[in-house]
Amino acid sequence: MPLKIVVGAQWGDEGKGRIVDWFASQAEFVARYNGGDNAGHSVTVGSQLFKLHLIPSGIVHPQPIAILGNGMVINPESLFAEIESLEKVGVEVGPQRLRISHAAHLITPAHKALDQAMEVARGKSSIGTTGRGIGPAYTDKAARTNLRVADMLLPDFADKMRAHIESANTRLDSLDFPELEIEPILEKFAVYAERIRPFVADTAAELDAALRAGKTVLAEGAQGTLLDIDHGTYPFVTSSSTLAPAALLGLGLGMTVARDAVVSGVCKSFQTRVGSGPFPTEIEDDLALRLRGTGENPWDEYGTTTGRPRRVGWLDGVLLRYAARLNGLTELVITKLDILSGLPYIKVCTAYTKDGKTYTDLPFGPTDLEGFEAVYEQLPGWTEDVSAIRRWEALPQAARDYLDAVSKIAGVPVRLVSVGPEREQIVEANQ
Ligand code: IMP
(Lines give C-alpha, C1' and ligand atoms only; values in the text may rest on other atoms or scores of the structure.)
Protein backbone atom coordinates (compact mmCIF):
# COMPACT_ATOMS: atom_id res chain seq x y z
CA MET A 1 0.00 0.00 0.00
CA PRO A 2 2.58 2.63 -0.96
CA LEU A 3 0.05 5.41 -1.67
CA LYS A 4 -3.12 5.67 0.35
CA ILE A 5 -5.47 8.59 -0.13
CA VAL A 6 -8.08 9.45 2.49
CA VAL A 7 -10.90 11.67 1.24
CA GLY A 8 -14.17 12.98 2.60
CA ALA A 9 -17.13 11.41 0.79
CA GLN A 10 -19.62 14.12 1.86
CA TRP A 11 -19.50 17.87 2.67
CA GLY A 12 -16.43 17.67 4.93
CA ASP A 13 -16.36 16.96 8.67
CA GLU A 14 -16.66 13.21 8.08
CA GLY A 15 -14.06 12.47 10.75
CA LYS A 16 -11.08 12.18 8.41
CA GLY A 17 -8.63 13.38 11.08
CA ARG A 18 -9.07 10.43 13.39
CA ILE A 19 -9.15 7.97 10.47
CA VAL A 20 -5.89 9.39 9.11
CA ASP A 21 -4.57 9.00 12.65
CA TRP A 22 -5.56 5.30 12.54
CA PHE A 23 -3.82 4.67 9.21
CA ALA A 24 -0.82 6.91 10.06
CA SER A 25 0.65 4.36 12.45
CA GLN A 26 1.70 2.45 9.29
CA ALA A 27 2.90 5.45 7.24
CA GLU A 28 6.32 6.96 6.65
CA PHE A 29 4.84 10.19 5.23
CA VAL A 30 1.54 12.00 5.86
CA ALA A 31 0.73 14.73 3.36
CA ARG A 32 -1.91 17.42 2.86
CA TYR A 33 -2.56 18.29 -0.79
CA ASN A 34 -5.36 20.86 -0.86
CA GLY A 35 -6.95 23.71 1.06
CA GLY A 36 -5.52 25.49 4.06
CA ASP A 37 -6.57 26.27 7.60
CA ASN A 38 -10.25 26.13 6.64
CA ALA A 39 -9.92 22.41 7.49
CA GLY A 40 -10.49 21.28 11.04
CA HIS A 41 -9.25 17.78 11.78
CA SER A 42 -9.69 16.46 15.33
CA VAL A 43 -7.81 13.54 16.85
CA THR A 44 -8.39 12.31 20.40
CA VAL A 45 -5.51 10.46 22.03
CA GLY A 46 -6.30 9.46 25.61
CA SER A 47 -7.51 12.58 27.36
CA GLN A 48 -5.86 14.85 24.82
CA LEU A 49 -7.77 16.40 21.91
CA PHE A 50 -5.64 17.64 19.00
CA LYS A 51 -7.29 20.13 16.66
CA LEU A 52 -5.35 20.49 13.45
CA HIS A 53 -6.05 22.90 10.64
CA LEU A 54 -2.95 22.88 8.44
CA ILE A 55 -0.59 20.18 9.61
CA PRO A 56 -1.59 16.60 8.67
CA SER A 57 -3.30 14.74 11.51
CA GLY A 58 -0.71 11.95 11.27
CA ILE A 59 1.85 14.25 12.95
CA VAL A 60 0.65 13.05 16.36
CA HIS A 61 2.38 9.72 15.68
CA PRO A 62 6.11 9.76 16.36
CA GLN A 63 7.41 8.43 13.03
CA PRO A 64 5.82 9.94 9.91
CA ILE A 65 7.22 12.99 8.18
CA ALA A 66 4.48 15.56 7.57
CA ILE A 67 4.26 17.30 4.20
CA LEU A 68 2.37 20.44 3.21
CA GLY A 69 2.03 20.01 -0.55
CA ASN A 70 2.12 22.49 -3.42
CA GLY A 71 -1.68 22.36 -3.80
CA MET A 72 -2.17 24.02 -0.43
CA VAL A 73 -2.66 27.64 0.57
CA ILE A 74 -0.74 28.37 3.78
CA ASN A 75 -1.26 31.15 6.27
CA PRO A 76 2.11 31.40 8.08
CA GLU A 77 0.45 32.97 11.13
CA SER A 78 -1.82 29.91 11.56
CA LEU A 79 1.05 27.57 10.74
CA PHE A 80 3.32 28.83 13.51
CA ALA A 81 0.44 29.06 16.00
CA GLU A 82 -0.35 25.40 15.24
CA ILE A 83 3.28 24.33 15.55
CA GLU A 84 3.47 26.08 18.93
CA SER A 85 0.25 24.52 20.20
CA LEU A 86 1.47 21.04 19.16
CA GLU A 87 4.85 21.57 20.80
CA LYS A 88 3.13 22.69 24.01
CA VAL A 89 1.56 19.25 24.31
CA GLY A 90 4.77 17.43 23.50
CA VAL A 91 4.48 16.88 19.73
CA GLU A 92 7.76 18.05 18.31
CA VAL A 93 7.41 19.75 14.89
CA GLY A 94 10.89 20.75 13.72
CA PRO A 95 12.14 20.69 10.09
CA GLN A 96 13.02 17.01 10.51
CA ARG A 97 9.28 16.28 10.99
CA LEU A 98 7.62 18.85 8.73
CA ARG A 99 8.43 19.87 5.16
CA ILE A 100 6.64 22.59 3.24
CA SER A 101 6.52 22.74 -0.54
CA HIS A 102 8.31 25.76 -2.00
CA ALA A 103 5.47 25.88 -4.57
CA ALA A 104 2.61 26.11 -2.03
CA HIS A 105 0.77 29.43 -2.04
CA LEU A 106 0.49 31.91 0.81
CA ILE A 107 -2.57 33.26 2.56
CA THR A 108 -1.99 36.79 3.82
CA PRO A 109 -4.04 39.14 6.03
CA ALA A 110 -5.24 40.72 2.76
CA HIS A 111 -6.81 37.43 1.64
CA LYS A 112 -8.59 37.05 4.98
CA ALA A 113 -9.92 40.60 4.88
CA LEU A 114 -11.08 40.16 1.27
CA ASP A 115 -12.80 36.86 2.12
CA GLN A 116 -14.80 38.60 4.81
CA ALA A 117 -15.53 41.70 2.71
CA MET A 118 -16.73 39.59 -0.23
CA GLU A 119 -19.02 37.53 1.98
CA VAL A 120 -20.63 40.72 3.28
CA ALA A 121 -20.97 42.01 -0.28
CA ARG A 122 -22.72 38.77 -1.32
CA GLY A 123 -25.44 39.47 1.25
CA LYS A 124 -28.16 36.83 1.18
CA SER A 125 -26.23 34.79 -1.39
CA SER A 126 -23.20 34.44 0.87
CA ILE A 127 -21.35 31.11 0.66
CA GLY A 128 -20.78 30.83 4.40
CA THR A 129 -17.00 30.54 4.02
CA THR A 130 -14.76 29.90 7.01
CA GLY A 131 -13.37 33.44 6.57
CA ARG A 132 -9.80 32.11 6.38
CA GLY A 133 -8.98 33.74 3.04
CA ILE A 134 -9.11 30.52 1.04
CA GLY A 135 -11.11 31.82 -1.95
CA PRO A 136 -9.08 35.03 -2.45
CA ALA A 137 -5.77 33.13 -2.16
CA TYR A 138 -6.77 30.59 -4.83
CA THR A 139 -8.16 33.46 -6.93
CA ASP A 140 -4.75 35.15 -6.86
CA LYS A 141 -3.10 31.81 -7.63
CA ALA A 142 -5.25 31.34 -10.74
CA ALA A 143 -4.66 34.96 -11.74
CA ARG A 144 -0.91 34.30 -11.42
CA THR A 145 -0.47 37.19 -9.02
CA ASN A 146 -0.09 35.37 -5.71
CA LEU A 147 2.89 34.99 -3.42
CA ARG A 148 4.29 31.53 -2.88
CA VAL A 149 6.31 30.01 -0.04
CA ALA A 150 9.43 30.25 -2.25
CA ASP A 151 8.95 34.04 -2.48
CA MET A 152 9.46 34.29 1.29
CA LEU A 153 13.07 33.19 0.79
CA LEU A 154 13.92 35.88 -1.76
CA PRO A 155 15.40 39.34 -1.04
CA ASP A 156 12.53 41.20 -2.73
CA PHE A 157 9.81 39.50 -0.63
CA ALA A 158 8.96 42.68 1.30
CA ASP A 159 8.51 44.62 -1.96
CA LYS A 160 6.22 41.95 -3.37
CA MET A 161 4.25 41.80 -0.15
CA ARG A 162 3.84 45.57 -0.12
CA ALA A 163 2.54 45.55 -3.70
CA HIS A 164 0.15 42.71 -2.82
CA ILE A 165 -1.33 44.55 0.19
CA GLU A 166 -1.59 47.81 -1.77
CA SER A 167 -3.52 46.08 -4.50
CA ALA A 168 -5.80 44.37 -1.95
CA ASN A 169 -6.38 47.72 -0.23
CA THR A 170 -7.78 49.14 -3.47
CA ARG A 171 -10.25 46.24 -3.58
CA LEU A 172 -11.11 46.51 0.12
CA ASP A 173 -11.74 50.21 -0.36
CA SER A 174 -14.12 49.50 -3.24
CA LEU A 175 -15.99 47.06 -0.99
CA ASP A 176 -16.24 49.73 1.76
CA PHE A 177 -13.93 47.79 4.03
CA PRO A 178 -11.10 49.41 6.01
CA GLU A 179 -7.70 49.27 4.36
CA LEU A 180 -4.91 47.26 6.01
CA GLU A 181 -1.89 48.90 7.60
CA ILE A 182 1.07 47.74 5.58
CA GLU A 183 4.10 48.15 7.87
CA PRO A 184 2.97 45.83 10.73
CA ILE A 185 2.20 43.12 8.15
CA LEU A 186 5.63 43.47 6.57
CA GLU A 187 7.28 43.22 10.00
CA LYS A 188 5.37 40.07 10.88
CA PHE A 189 6.07 38.41 7.54
CA ALA A 190 9.80 39.22 7.79
CA VAL A 191 9.81 37.11 10.98
CA TYR A 192 7.74 34.31 9.37
CA ALA A 193 10.11 34.26 6.37
CA GLU A 194 13.07 33.51 8.62
CA ARG A 195 11.11 30.92 10.59
CA ILE A 196 9.80 29.08 7.54
CA ARG A 197 13.17 28.83 5.75
CA PRO A 198 14.37 25.53 7.31
CA PHE A 199 11.03 23.84 6.55
CA VAL A 200 10.95 24.64 2.83
CA ALA A 201 11.73 21.71 0.56
CA ASP A 202 11.12 20.11 -2.83
CA THR A 203 8.40 17.94 -1.32
CA ALA A 204 7.33 16.48 -4.69
CA ALA A 205 10.81 15.04 -5.26
CA GLU A 206 10.95 13.73 -1.70
CA LEU A 207 7.58 11.96 -1.99
CA ASP A 208 8.46 10.52 -5.39
CA ALA A 209 11.69 9.09 -4.00
CA ALA A 210 9.83 7.71 -0.98
CA LEU A 211 7.25 5.93 -3.14
CA ARG A 212 9.97 4.51 -5.40
CA ALA A 213 11.68 3.14 -2.31
CA GLY A 214 8.44 1.37 -1.33
CA LYS A 215 7.63 3.70 1.56
CA THR A 216 4.03 4.40 2.48
CA VAL A 217 2.63 7.86 1.80
CA LEU A 218 -0.71 8.74 3.32
CA ALA A 219 -2.40 11.64 1.53
CA GLU A 220 -4.95 13.47 3.66
CA GLY A 221 -7.71 15.25 1.78
CA ALA A 222 -9.32 18.30 3.33
CA GLN A 223 -13.01 19.26 3.07
CA GLY A 224 -15.11 16.72 1.14
CA THR A 225 -16.18 15.56 -2.30
CA LEU A 226 -19.28 17.77 -2.40
CA LEU A 227 -17.18 20.87 -1.63
CA ASP A 228 -14.91 20.26 -4.64
CA ILE A 229 -14.53 23.32 -6.88
CA ASP A 230 -15.38 21.37 -10.06
CA HIS A 231 -17.63 18.55 -8.95
CA GLY A 232 -19.26 19.87 -5.77
CA THR A 233 -22.43 21.84 -5.15
CA TYR A 234 -21.07 24.92 -6.96
CA PRO A 235 -21.00 27.81 -6.00
CA PHE A 236 -21.38 26.57 -2.41
CA VAL A 237 -17.99 24.89 -2.46
CA THR A 238 -14.44 25.58 -1.40
CA SER A 239 -11.89 26.89 -3.91
CA SER A 240 -9.69 23.82 -4.26
CA SER A 241 -9.92 20.32 -5.71
CA THR A 242 -10.79 18.07 -2.81
CA LEU A 243 -10.99 14.76 -4.68
CA ALA A 244 -8.55 11.84 -4.57
CA PRO A 245 -7.06 12.52 -8.04
CA ALA A 246 -6.11 16.00 -6.77
CA ALA A 247 -3.65 14.30 -4.41
CA LEU A 248 -1.39 13.68 -7.41
CA LEU A 249 -1.45 17.29 -8.59
CA GLY A 250 -1.38 18.78 -5.10
CA LEU A 251 1.66 16.72 -4.11
CA GLY A 252 3.39 16.75 -7.50
CA LEU A 253 3.18 13.00 -8.16
CA GLY A 254 2.96 11.28 -11.54
CA MET A 255 0.13 9.06 -12.75
CA THR A 256 1.93 5.76 -12.26
CA VAL A 257 1.80 5.92 -8.46
CA ALA A 258 -1.99 5.95 -8.67
CA ARG A 259 -2.12 2.47 -10.19
CA ASP A 260 -2.04 0.62 -6.88
CA ALA A 261 -3.36 3.41 -4.67
CA VAL A 262 -5.86 2.59 -1.95
CA VAL A 263 -8.56 5.26 -1.90
CA SER A 264 -10.44 5.40 1.35
CA GLY A 265 -13.69 7.40 1.43
CA VAL A 266 -14.71 8.58 4.87
CA CYS A 267 -18.46 8.92 5.29
CA LYS A 268 -20.42 9.79 8.40
CA SER A 269 -23.34 7.47 9.18
CA PHE A 270 -25.59 10.48 8.61
CA GLN A 271 -25.16 13.64 6.52
CA THR A 272 -23.91 17.06 7.71
CA ARG A 273 -23.06 20.34 6.07
CA VAL A 274 -21.75 23.75 7.28
CA GLY A 275 -22.44 26.90 5.36
CA SER A 276 -25.05 27.54 2.71
CA GLY A 277 -26.15 25.41 -0.25
CA PRO A 278 -28.54 22.61 -1.16
CA PHE A 279 -29.06 19.64 1.19
CA PRO A 280 -31.89 17.33 0.02
CA THR A 281 -31.87 15.00 3.06
CA GLU A 282 -31.70 17.80 5.66
CA ILE A 283 -33.86 17.39 8.78
CA GLU A 284 -34.75 20.15 11.20
CA ASP A 285 -36.87 18.58 13.97
CA ASP A 286 -35.95 17.05 17.36
CA LEU A 287 -34.12 14.30 15.56
CA ALA A 288 -31.77 16.93 14.11
CA LEU A 289 -30.94 18.10 17.64
CA ARG A 290 -30.33 14.50 18.64
CA LEU A 291 -27.89 13.89 15.74
CA ARG A 292 -26.15 17.26 16.16
CA GLY A 293 -25.57 16.99 19.92
CA THR A 294 -25.61 19.88 22.35
CA GLY A 295 -22.15 21.20 21.59
CA GLU A 296 -20.82 20.13 25.01
CA ASN A 297 -18.64 17.42 23.49
CA PRO A 298 -15.90 18.19 20.98
CA TRP A 299 -17.33 15.54 18.62
CA ASP A 300 -20.79 17.16 18.50
CA GLU A 301 -21.75 18.67 15.14
CA TYR A 302 -20.30 22.17 15.51
CA GLY A 303 -17.54 23.44 13.19
CA THR A 304 -13.97 22.74 14.38
CA THR A 305 -12.76 25.89 12.62
CA THR A 306 -15.72 28.24 13.08
CA GLY A 307 -17.85 26.72 15.89
CA ARG A 308 -20.98 27.06 13.72
CA PRO A 309 -23.73 24.44 14.29
CA ARG A 310 -23.75 22.03 11.35
CA ARG A 311 -26.88 21.26 9.39
CA VAL A 312 -27.78 17.56 9.70
CA GLY A 313 -29.78 14.99 7.74
CA TRP A 314 -30.08 11.34 6.71
CA LEU A 315 -27.28 9.72 4.76
CA ASP A 316 -27.57 10.57 1.07
CA GLY A 317 -26.77 7.40 -0.90
CA VAL A 318 -27.09 9.11 -4.29
CA LEU A 319 -24.37 11.58 -3.37
CA LEU A 320 -22.29 8.82 -1.79
CA ARG A 321 -22.41 6.81 -5.02
CA TYR A 322 -21.32 9.97 -6.85
CA ALA A 323 -18.40 10.36 -4.42
CA ALA A 324 -17.42 6.71 -4.91
CA ARG A 325 -17.28 7.20 -8.69
CA LEU A 326 -15.42 10.52 -8.75
CA ASN A 327 -12.79 9.50 -6.23
CA GLY A 328 -12.46 5.93 -7.42
CA LEU A 329 -13.02 4.74 -3.86
CA THR A 330 -11.64 1.30 -3.09
CA GLU A 331 -12.97 1.19 0.48
CA LEU A 332 -15.38 2.98 2.79
CA VAL A 333 -14.91 4.13 6.34
CA ILE A 334 -18.16 4.82 8.17
CA THR A 335 -17.86 7.12 11.19
CA LYS A 336 -20.11 7.89 14.16
CA LEU A 337 -22.12 4.67 14.03
CA ASP A 338 -22.62 5.03 17.81
CA ILE A 339 -24.70 8.20 17.29
CA LEU A 340 -27.41 6.17 15.51
CA SER A 341 -27.86 3.78 18.49
CA GLY A 342 -31.30 4.11 20.04
CA LEU A 343 -33.07 5.48 16.97
CA PRO A 344 -36.27 3.52 16.22
CA TYR A 345 -35.50 3.55 12.49
CA ILE A 346 -32.79 4.83 10.17
CA LYS A 347 -33.36 6.25 6.72
CA VAL A 348 -30.98 6.27 3.75
CA CYS A 349 -31.69 8.21 0.57
CA THR A 350 -31.43 5.82 -2.38
CA ALA A 351 -32.81 7.99 -5.20
CA TYR A 352 -34.37 11.36 -6.01
CA THR A 353 -37.63 12.20 -7.73
CA LYS A 354 -38.44 15.24 -9.85
CA ASP A 355 -41.54 15.85 -11.97
CA GLY A 356 -42.69 12.25 -11.51
CA LYS A 357 -39.36 10.79 -12.67
CA THR A 358 -37.00 8.78 -10.43
CA TYR A 359 -33.25 9.32 -10.57
CA THR A 360 -30.70 7.00 -8.96
CA ASP A 361 -27.94 9.26 -10.32
CA LEU A 362 -28.29 12.98 -10.80
CA PRO A 363 -28.41 14.09 -14.46
CA PHE A 364 -25.92 16.93 -13.91
CA GLY A 365 -24.29 15.92 -10.64
CA PRO A 366 -25.06 17.80 -7.46
CA THR A 367 -24.71 21.31 -8.92
CA ASP A 368 -28.38 21.44 -9.76
CA LEU A 369 -30.29 19.87 -6.85
CA GLU A 370 -33.18 22.30 -7.13
CA GLY A 371 -36.53 20.52 -7.08
CA PHE A 372 -35.09 17.02 -6.51
CA GLU A 373 -36.71 15.20 -3.61
CA ALA A 374 -35.10 12.41 -1.63
CA VAL A 375 -36.55 8.87 -1.81
CA TYR A 376 -35.73 6.85 1.30
CA GLU A 377 -35.20 3.25 2.27
CA GLN A 378 -36.14 2.80 5.93
CA LEU A 379 -34.13 0.33 7.98
CA PRO A 380 -34.70 -0.90 11.54
CA GLY A 381 -32.64 0.77 14.29
CA TRP A 382 -30.89 -0.90 17.23
CA THR A 383 -30.93 -0.11 20.94
CA GLU A 384 -27.55 -1.48 22.00
CA ASP A 385 -24.69 0.86 22.89
CA VAL A 386 -22.01 -0.02 20.31
CA SER A 387 -19.21 2.16 21.67
CA ALA A 388 -17.36 -0.67 23.44
CA ILE A 389 -17.58 -3.08 20.48
CA ARG A 390 -14.34 -3.86 18.61
CA ARG A 391 -15.32 -6.93 16.57
CA TRP A 392 -17.57 -6.89 13.49
CA GLU A 393 -19.55 -9.95 14.64
CA ALA A 394 -20.32 -8.25 17.95
CA LEU A 395 -22.17 -5.38 16.25
CA PRO A 396 -25.98 -5.68 16.48
CA GLN A 397 -27.47 -7.40 13.43
CA ALA A 398 -29.44 -4.23 12.56
CA ALA A 399 -26.22 -2.18 12.59
CA ARG A 400 -24.51 -4.68 10.27
CA ASP A 401 -27.55 -4.62 8.00
CA TYR A 402 -27.34 -0.83 7.89
CA LEU A 403 -23.62 -0.95 7.02
CA ASP A 404 -24.28 -3.59 4.35
CA ALA A 405 -27.02 -1.41 2.86
CA VAL A 406 -24.69 1.61 2.71
CA SER A 407 -21.93 -0.47 1.14
CA LYS A 408 -24.33 -1.83 -1.48
CA ILE A 409 -25.65 1.64 -2.34
CA ALA A 410 -22.10 2.98 -2.73
CA GLY A 411 -20.81 -0.12 -4.50
CA VAL A 412 -17.74 -0.07 -2.24
CA PRO A 413 -16.81 -2.43 0.63
CA VAL A 414 -16.74 -1.11 4.19
CA ARG A 415 -13.25 -1.37 5.69
CA LEU A 416 -13.58 0.41 9.06
CA VAL A 417 -16.35 1.71 11.30
CA SER A 418 -15.87 4.17 14.14
CA VAL A 419 -18.02 3.74 17.24
CA GLY A 420 -16.75 6.63 19.36
CA PRO A 421 -14.25 9.49 19.33
CA GLU A 422 -11.34 7.69 21.00
CA ARG A 423 -8.44 6.43 18.94
CA GLU A 424 -9.20 2.75 19.60
CA GLN A 425 -12.99 2.98 19.10
CA ILE A 426 -12.73 1.39 15.66
CA VAL A 427 -14.19 -1.84 14.31
CA GLU A 428 -12.45 -3.45 11.35
CA ALA A 429 -14.74 -5.13 8.85
CA ASN A 430 -14.21 -8.78 8.06
CA GLN A 431 -12.32 -8.69 4.77
P1 IMP B 1 -14.00 28.23 2.37
O2 IMP B 1 -13.27 26.95 2.10
O3 IMP B 1 -13.60 28.87 3.67
O4 IMP B 1 -13.93 29.18 1.22
O5 IMP B 1 -15.57 27.88 2.53
C6 IMP B 1 -16.35 27.43 1.46
C7 IMP B 1 -17.38 26.40 1.92
O8 IMP B 1 -16.70 25.22 2.32
C9 IMP B 1 -18.21 26.83 3.13
O10 IMP B 1 -19.51 26.28 3.02
C11 IMP B 1 -17.49 26.20 4.30
O12 IMP B 1 -18.35 25.98 5.41
C13 IMP B 1 -17.06 24.90 3.66
N14 IMP B 1 -15.85 24.33 4.29
C15 IMP B 1 -14.59 24.73 4.14
N16 IMP B 1 -13.75 23.96 4.83
C17 IMP B 1 -14.50 23.02 5.44
C18 IMP B 1 -14.20 21.90 6.26
O19 IMP B 1 -13.05 21.59 6.59
N20 IMP B 1 -15.28 21.16 6.67
C21 IMP B 1 -16.55 21.45 6.28
N22 IMP B 1 -16.88 22.47 5.50
C23 IMP B 1 -15.85 23.26 5.08
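Select strand 7, residues 98-101, and strand 9, residues 200-201. The two run parallel, joined by two bridges. Pick out Ser101 in this predicted model. Opposite Ser101 stands Ala201 of strand 9.

Now add strand 5, residues 65-68. Strand 5 also runs parallel to strand 7, with three bridges between them. Show Leu68 and look across to strand 7: the bridge partner is Ile100.

Stay on strand 7 and turn on its side chains. Which residues point one way, and which the other? Leu98 and Ile100 take one direction, Arg99 and Ser101 the other. Buried or exposed? All four are buried, Arg99 included.

**The larger core**

Next, select Leu332, Leu337, Trp382 and Tyr402. These have the most contacts inside the largest nonpolar core, a set of 63 residues. Colour helix 11, residues 397-410. Helix 11 gives the most to this core, with eight residues. In soluble globular proteins, nonpolar side chains tend to be buried together.

Centre on Trp382. What is in contact with Trp382, leaving aside neighbours within four places in sequence? Work through the partners in sequence order:

- Leu337, Leu340, Ser341, Gly342, Leu343 and Ile346
- Pro396, Ala398, Ala399 and Tyr402

Leu337 and Tyr402 are worth keeping highlighted: with Trp382, they are among the residues with the most contacts inside the core.

**The second core**

A separate core has 54 residues. Select Leu98, Ile182, Leu218 and Val266, which are among its members. Leu98 takes you back to strand 7, where Leu98 points the same way as Ile100.

**Strand 17**

Move to strand 17, residues 345-354, and select Tyr352 within it. Why does Tyr352 count as buried? Its relative accessible area is 0%, so Tyr352 falls under the 20% cut-off. Now add Phe372. Tyr352 and Phe372 lie 20 residues apart in sequence. In space, their C-alpha atoms are 5.7 Å apart.

**The cavity**

Last stop: empty space. Rolling a probe the size of a water molecule over the atoms shows where such space is left. How many cavities of 30 Å³ or more does the structure hold? There is one. The largest cavity contains about 40 Å³ of space.

Select its lining: Val318, Tyr322, Arg325, Asp361 and Leu362. Colour the lining by residue class. Three of the residues are nonpolar and two are charged, with no polar ones. Val318, Tyr322 and Leu362 make up the nonpolar part. Arg325 and Asp361 are the charged pair.

Notes: Residues numbered from 1 in each chain as written. Predicted model: local features only at pLDDT ≥ 70, side-chain atom pairs only at ≥ 80, totals over all residues. Heavy atoms only, no water. 1 Å grid on protein atoms, 1.4 Å probe; cavity = no way out; pocket = protein on both sides within 12 Å on 5 of 7 lines; lining within 4 Å. Points joined across faces, edges and corners; volume = space filled by probe spheres on them. Core = buried A, V, L, I, M, F, W, Y, C linked by side-chain atoms within 4.5 Å. Buried < 20%, exposed > 50% of the residue type's maximum accessible area, 1.4 Å probe, protein only. Contact = heavy atoms within 4.5 Å. Pairing = 2+ DSSP bridges.
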